[in-house]
Amino acid sequence: MRILFPKFDKIGMPLLGVAAAAFFLLETKRQLRSRTRPRPERLLENGSVAATALPALRLLLVPAMFAAARLANKHRFGLLKRLGLPQWVRYTAGFLLLDYTNYLWHVLLHKSDILWRFHNVHHIDLDLDLSTAWRFHVGENIASVPYRSVAIALLGVPAPLVLFYEVIFEGCTAFHHSNLRLPYQVERQLCKVMVTPRMHGIHHSIVARETNSNFSVIFSWWDRLHQSLRLNVPQDEITIGVPAYRDPKEQSVKHLFLMPFERQRPWHLPDGTVPERVAHSPQEELLP
Ligand SMILES: [Zn+2]
């Protein structure tokens, strides 16, 4: 299995680094939601979780997806390959379909009890910012290897596109997790096409109905298609996290690693109440 991808490492990764640095500075200057915990503590916790998840992504997930695409192409296997489409159509359709499979994977992370155990580590963060974008349990990244590789093979996606998509996917993940306050009117237009910080903030709410919406990664169309889009929640009314995990002491690196193997708590606050919210406007109307 090929491990070295010179263009990905020499162009894609530095570009991602520049984008991340820009989002970090921008979310410091133009904060969207107020913080509940000190930033350095969270950087340490989220950085420690990412320190195992990112090597798994680069050394296992990316090579496996690339190998799946190569193998499928070699045997003329996979939908896009078999249709004999012009190259630009294959690339465009491949990009869109890859994004759709990642929408479905995100839904699965929330619906499957076993996958949620791992994805919950990402969701119990009590604040949402750039550092949350890489706070994924290593188990979640490993679990995505067979899913994403098989999806790529079945679709017959060109191998170079897998690497290109991954760079855009990571850049968009960094963007929509960031705590960056975009001008409201700009974001209202932007979220018609792509996932934005306000839109993804709703996905990290402690209200179950809101967490179970906005699953898209790059294009917001998939949520529209499946009627899982929810924009009518003002950001200053959102409490970030999962209701049964409100204690900041549970954000220790040790607990974050062990959490998937513990009993999962039901979706209510420590006092037993279930967070709810009355919607004021249509579901598809972005509020500031
Ligand atoms: Zn999620």
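Me: At what angle do helix 5 and helix 6 pack?
Reply: This is a predicted model, in which local features need pLDDT of at least 70, side-chain atom pairs count only at pLDDT 80 or more, and totals for chains, interfaces and linings use all residues. Residues are numbered from 1 along each chain as its sequence is written. Helices are DSSP runs (H or I, at least four residues) numbered from the N terminus, and angles run from 0 to 180 degrees between the N-to-C directions of axes fitted to C-alpha atoms over the stretch in contact. Helix 5 (residues 113–123) and helix 6 (residues 138–155) have axes 8 Å apart and pack at an angle of about 135°.

Me: Which term describes how helix 5 and helix 6 lie to each other?
Reply: Angles under 35 degrees count as roughly parallel, over 145 as roughly antiparallel, 65 to 115 as roughly perpendicular and the rest as oblique. The angle between helix 5 and helix 6 is about 135°. Helix 5 and helix 6 are therefore oblique.

Me: Which residues of helix 6 make the contact with helix 5?
Reply: Two residues are in contact if their C-beta atoms, placed from the backbone, lie within 7 Å. Helix 5 contributes L115, F118 and H119 to the contact. From helix 6 the contributors are G139, E140 and A143.

Me: How does helix 2 lie to helix 6: parallel or antiparallel?
Reply: The axes of helix 2 and helix 6 come within 9 Å and cross at roughly 10°. Helix 2 is therefore, with respect to helix 6, roughly parallel.

Me: Which residues of helix 6 take part in the contact with helix 2?
Reply: On the side of helix 2, the contact is made by T52, A53, A56, L57, L60, L61, A64, M65, A68, A69, L71 and A72. On the side of helix 6, it is made by V138, N141, I142, S144, V145, R148, S149, I152 and A153.

Me: On which residue is the kink in helix 2 centred?
Reply: The bend at a residue is the angle between axes fitted to the seven residues ending there and the seven starting there. Helix 2 (residues 39–74) has a kink of about 40°, and its centre is L57.

Me: Which helices cover the buried residues of helix 2?
Reply: A residue is buried if 20 or more other C-beta atoms lie within 10 Å of its own, exposed if 12 or fewer, and partly exposed in between. The buried residues of helix 2 include R42, V49, L57, M65 and A72. What covers the buried residues of helix 2 includes helix 3 (79–82), helix 5, helix 6, helix 7 (159–177) and helix 12 (253–258).

Me: Is R82 buried or exposed?
Reply: R82 lies in helix 3, and beyond its neighbours within four places in sequence it is in contact with R76 and G156. R76, just after helix 2, takes a positive phi of about 45°. Because R82 has 10 C-beta neighbours inside 10 Å, it counts as exposed.

Me: Which residues of helix 7 does helix 4 meet?
Reply: The axes of helix 4 (residues 87–111) and helix 7 come within 10 Å and cross at roughly 55°. Helix 4 is therefore oblique to helix 7. Y91, G94, F95, L98 and N102 of helix 4 meet, in helix 7, L161, Y165 and F169.

Me: How far apart in space are A22 and V145, C-alpha to C-alpha?
Reply: A22 is found in helix 1 (residues 6–29). With 15 other C-beta atoms within 10 Å, A22 is partly exposed. A22 and V145 are 123 residues apart in sequence, and their C-alpha to C-alpha distance in space is 29 Å.

Definitions and conventions:
Helix = DSSP H or I, 4+ residues; strand = E, 2+ residues; numbered from the N terminus.
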